[in-house]
Amino acid sequence: MKIQAQMNIRESAIVTLAARKQINEAQLAAATRFRALYEAMGGAGAGSFDYSREPVDGGGSREPLTEQQIRAGQELKRCREILGIRAYDIMSKVAGQDYAIGELAKSHRERTTIADYLKDGLDEMARNWGYENRGDRRRSA
């Protein structure tokens, strides 16, 4: 007798890292917030659009950005300034677009490097957003 088990094939790479205890709660909170900002921008971001140009045939007009998209875009811009281009790119792909680290790297060394960039970036954003050391903050003397 076979038992069928369901597997969530769309499970987040971040959730997998957290389940394996490879990232902590503060890093998970930072990744979750980053993901929410990324999704608020419409997934891959709103992109640039020249509203002064005439739309081409079949293109239709584009909806203006919402206030939520503008705020998310400003916050993501700040993230990019904090993280730098490489770490932001990795964060966007893993936390924002749900790429697995294995999809971004061929060798073990590349996977380790990407994971290190991701964890360092999550640490930076956790500190920036006040998530770091939640619950176990050391008291200063």
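**Note on a predicted all-helical model**

1. Of the contacts in the protein with a separation of 6 or more, 72% are accounted for by residues 24 or more positions apart. The model is a predicted one, and what follows should be read with that in mind. The protein has six helices and zero strands, and along the sequence the pattern reads α-α-α-α-α-α. Of its 141 residues, 30% count as buried, and the accessible surface comes to about 10,600 Å², with 47% of that area belonging to carbon and sulfur atoms.

2. Confidence deserves a word before the details. The average pLDDT of the protein is 81, and 72% of the residues score at least 70. Among the elements, helix α6 (residues 108-128) has the highest mean pLDDT, at 96, while helix α1 (residues 13-19) has the lowest, at 91. Two stretches call for caution: over residues 45-52 the pLDDT stays under 50, although the model has 10 contacts beyond four places in sequence for this segment, and over residues 135-141 the pLDDT is again below 50, with one contact in the model beyond near neighbours in sequence. Where pLDDT is low, the predicted coordinates should not be read in detail.

3. Helix α4 is a useful place to begin with the packing. Its buried residues are A87, Y88, I90, M91, S92, V94, A95 and G96, and these pack against α1, α2, α3 (67-83), α5 and α6. K93 also lies in helix α4, but this lysine is partly exposed, since its relative accessible area is 27%, which falls between the limits of 20% for buried and 50% for exposed. Leaving aside neighbours within four places in sequence, K93 is in contact with D98, Y99 and L104; K93 and L104 are 11 residues apart in sequence, and their C-alpha atoms are 8.6 Å apart in space.

4. Which residue with a positive phi follows α4? The residue is D98, whose phi is near 70 degrees, and this aspartate is found in the loop between α4 (85-96) and α5 (101-104). The value merits a check by eye, because most residues other than glycine have a negative phi. D98 counts as buried because its relative accessibility is 16%, under the limit of 20%.

5. The side chain of D98 takes part in polar contacts with residues from other parts of the sequence. One polar contact, of 3.3 Å, joins the side chains of D98 and R35, and another, also given as 3.3 Å, joins the side chains of S12 and D98. S12 has its place in the segment before α1, and this serine counts as buried because its relative accessibility is 15%, under the limit of 20%. A reviewer looking at the loop after α4 would therefore do well to view D98 together with S12 and R35, given the polar contacts of D98 with R35 and with S12, and the buried state of D98 at 16% relative accessibility.

6. K21 offers a second case of unusual backbone geometry. This residue has a positive phi of about 60 degrees although it is not a glycine, and its place is in the loop between α1 and α2. Is K21 buried or exposed? At 73% relative accessibility K21 counts as exposed, because the value is over the 50% limit, whereas D98, the other residue discussed here with a positive phi, is buried.

7. The aromatic side chains give a count of three aromatic pairs. One of them is stacked: the rings of F34 and Y38 have their centres 6.2 Å apart, within the cut-off of 6.5 Å, and their planes lie at 20 degrees, under the limit of 30 degrees, so the pair is classed in this way. F34 and Y38 both lie in helix α2 (residues 25-40), four residues apart, or about one turn of the helix. An α-helix has 3.6 residues a turn, so residues three or four places apart point the same way. Both F34 and Y38 are buried, and together with Y88 they form one aromatic cluster; Y88 is among the buried residues of α4.

8. A last side-chain feature involves a charge and a ring. R86 lies over the face of Y117, and the distance from the ring centre is 4.9 Å.

Key
Residues are numbered from 1 along each chain as its sequence is written. This is a predicted model: local features need pLDDT of at least 70, side-chain atom pairs count only at pLDDT 80 or more; totals for chains, interfaces and linings use all residues. Side-chain values use heavy atoms; hydrogens and water are left out. Helices (H or I, at least four residues) and strands (E, at least two) are DSSP runs, numbered from the N terminus. Buried means under 20% relative accessible area, exposed over 50%, partly exposed in between (1.4 Å probe, protein chains only). Contact means heavy atoms within 4.5 Å. Accessible areas come from the Shrake-Rupley method with a 1.4 Å probe; for residues, only the protein chains shown count as cover. Rings of Phe, Tyr and Trp (its six-membered ring) pair if their centres lie within 6.5 Å; planes under 30 degrees apart count as stacked, over 60 as edge-to-face and the rest as tilted. A charge sits over a ring if NZ of Lys or CZ of Arg is within 6 Å of the ring centre and within 35 degrees of the ring normal. A polar contact is a pair of N or O atoms within 3.5 Å; within protein, one must be able to donate a hydrogen and the other to accept it, and residues adjacent in sequence count only if both atoms are side-chain atoms. pLDDT is the predictor's confidence in each residue, from 0 to 100.
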